[in-house]
Amino acid sequence: AASGRRFGSAHERRVRGVTDPSCVVLAVVPLPGRQRIDMTVGVSFALFGGSGEMRAHARAFDWAASALGPVDQWPESLRTAVAIMLGSGFPMILVWGPELIQLYNDAYIPLIGAKHPRALGLPTHACWPEIRSIQEPTFARVFRGETVQLTEAHFALDRHDTGTLEDAYFDATFVPVPLASGAIGGSLSVLFESTDRVRARS
């Protein structure tokens, strides 16, 4: 029902808008009466390939059904931020777009508790409704282009989805991620929990 060929030359890749030399563009010739579809094969695997729990979850996630859309249509800055985040050994979370869609790495899993793994691809306010009043002004600053630094910031979190809030403290940095247009596409954050340090002083 379909045939394909590799567009291997630099000219063919440039014409078809494929900048990643590791990607393969497959031209699909559908049955008569169906719309022709061009598919970029390998983008998702190139981005999420390798070992690690969150890489596996990201490979299995249906991004096309999410607000972010298919991975091959993501802007380069989003893919770069995701690659940095997944490769980091420090707890990191990326929040993207007006819907504030979450992606995070393996080191962040202990911080999110029972909200993992459903938190992947979820709007951050849907994941953390208990701290929306704190998050909204923070992300508003980031999307204006400001880097936000927090030290021992207090959050009352329902990390275990029990309805019971626990006091937690974090050192965090929220860095704006620009698009090619210069607008801010998202927020890339590094967080370290400082709850034990705060309690030790009290």
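Let us start at Phe 170, which counts as buried at 5% relative accessibility; buried means under 20% relative accessible area, exposed over 50%, and partly exposed in between, with a 1.4 Å probe and protein chains only. This is a predicted model, in which local features need pLDDT of at least 70 and side-chain atom pairs count only at pLDDT 80 or more, while totals for chains, interfaces and linings use all residues. Residues are numbered from 1 along each chain as its sequence is written, and side-chain values use heavy atoms, with hydrogens and water left out.

Phe 155 is buried as well, with a relative accessible area of 10%. A pair of aromatic rings is described by the distance of the centres and the angle of the planes. Rings of Phe, Tyr and Trp (its six-membered ring) pair if their centres lie within 6.5 Å; planes under 30 degrees apart count as stacked, over 60 as edge-to-face and the rest as tilted. The structure holds eight aromatic pairs. In one of them, Phe 155 and Phe 170 meet edge-to-face, 5.9 Å centre to centre with 65° between the planes. Phe 155 belongs to strand E5 (residues 148-157) and Phe 170 to strand E6 (residues 166-178), so this pair ties together parts that are 15 residues apart in sequence. Helices (H or I, at least four residues) and strands (E, at least two) are DSSP runs, numbered from the N terminus.

Phe 170 also leads us to Ser 194, since a polar atom of the Ser 194 side chain lies 3.5 Å from the backbone nitrogen of Phe 170. Ser 194 sits in the loop between E7 and helix H8 (195-201), and at 2% relative accessibility Ser 194 counts as buried.

Now for helix H4. Its 12 residues (76-87) should span 16 Å at 1.5 Å a residue, and the end C-alpha atoms are 17 Å apart, which agrees; the expected span is 1.5 Å times one less than the number of residues. Among the buried residues of H4 are Leu 78, Val 82 and Leu 86.

Elsewhere, ring pairs link Phe 48, Phe 61, Trp 63 and Trp 74 into a cluster.

Finally, a word on confidence: pLDDT is the predictor's confidence in each residue, from 0 to 100. The chain has a mean pLDDT of 86, and 80% of its residues reach 70 or more. Over residues 1-41, however, pLDDT stays under 50. Where pLDDT is low, the predicted coordinates should not be read in detail.

Terms used
Contact = heavy atoms within 4.5 Å. Polar contact = N/O pair within 3.5 Å; in protein donor to acceptor, adjacent residues only side chain to side chain.
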